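Reader: Hi! I'm just starting out with protein structures, and I'd like a close look at the aromatic rings in this one. Could you walk me through how they pair up and what surrounds them?

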Amino acid sequence: FALSAYQWFMSALMDEPMFAAMKRIGFDSPIKALSFEFLNMLEVEDVFDMTCRISDIRRRTFDVEVTGRSTAGPSRDLFIARITPIMLSRSDRRSIEIPDVLRQQLERYKEQTK
């Protein structure tokens, strides 16, 4: 769920499908780190919401926190996933700085959601 939310979030941030935007701009962003903290039980049929928040932006990586929250009864956090992609050049597969167009979108979103 969290990786799907991350891909949807990045597509919305770049105003086009994530993988198409990365190809057009000329970079890839494999996941460098991924962690999950399960806070409450999530059952197979449970309906829940997820929110994405940019928690940090560095030179070559950034962090997206995906929080799952229950929608039934009193709202409670179900999990927090931390996803850290790293930027790579498509042509030679070396680490690069976050492309300016993406950095601007990340910074704008982070500022708007403080």
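Author: Here is a walk through the ring pairs, with the overall fold before them and a helix contact after them.

Keep in mind that this is a predicted model. To get your bearings, the chain has 3 helices and 6 strands. Starting at the N terminus, the elements go α-α-β-β-β-β-β-β-α. The C-alpha trace spans about 50 × 25 × 25 Å along its principal axes, and buried residues account for 39% of the 114 residues.

Now for the rings. The count comes to 5 aromatic pairs. Let's start with phenylalanine 36 and phenylalanine 38: their ring centres are 5.5 Å apart with just 5° between the planes, and the pair is stacked. Planes under 30 degrees apart count as stacked, so that 5° qualifies. How exposed are these two? Phenylalanine 36 has 38% relative accessibility, so it counts as partly exposed. Phenylalanine 38 counts as exposed because its relative accessibility is 63%, and the cut-off for exposed is over 50%.

Next, have a look at phenylalanine 48 and phenylalanine 79. Their ring centres lie 5.9 Å apart and the planes meet at 80°, so this pair is edge-to-face. The two partners come from distant parts of the chain: phenylalanine 48 belongs to strand E3 (residues 48-57) and phenylalanine 79 to strand E5 (residues 77-85), 31 residues apart. Phenylalanine 48 has a relative accessible area of 16%, so it is buried. Phenylalanine 79 is buried too, at 3%.

Put the pairs together and you get a cluster: ring pairs link Phe1, Phe36, Phe38, Phe48 and Phe79. Links across the sequence show up in the whole chain as well: of the contacts between residues at least 6 apart in sequence, 60% join residues at least 24 apart.

While you're here, check out how two of the helices meet. Helix H1 (residues 2-14) packs against helix H3 (residues 100-112) at an angle of about 105°, and their axes are 10 Å apart. That angle makes H1 roughly perpendicular to H3. On the H1 side you'll find Phe9, Met10, Leu13 and Met14, which meet Leu102, Gln105, Leu106 and Tyr109 of H3. Sorted by class, this contact of H1 with H3 has 7 nonpolar residues, 1 polar residue and no charged ones.

Finally, the outside: the chain's accessible surface comes to about 7100 Å², and 52% of that belongs to carbon and sulfur atoms.

Conventions
Residues numbered from 1 in each chain as written. Predicted model: local features only at pLDDT ≥ 70, side-chain atom pairs only at ≥ 80, totals over all residues. Heavy atoms only, no water. Axes fitted to C-alpha atoms, helices over the stretch in contact; angles between N-to-C directions. Helix = DSSP H or I, 4+ residues; strand = E, 2+ residues; numbered from the N terminus. Parallel < 35°, antiparallel > 145°, perpendicular 65-115°, else oblique. Contact = heavy atoms within 4.5 Å. Nonpolar A, V, L, I, M, F, W, Y, C, P; charged D, E, K, R; others polar. Phe/Tyr/Trp six-rings, centres within 6.5 Å; stacked < 30°, edge-to-face > 60°. Buried < 20%, exposed > 50% of the residue type's maximum accessible area, 1.4 Å probe, protein only. Areas by Shrake-Rupley, 256 points an atom, 1.4 Å probe, with all protein chains shown as cover.
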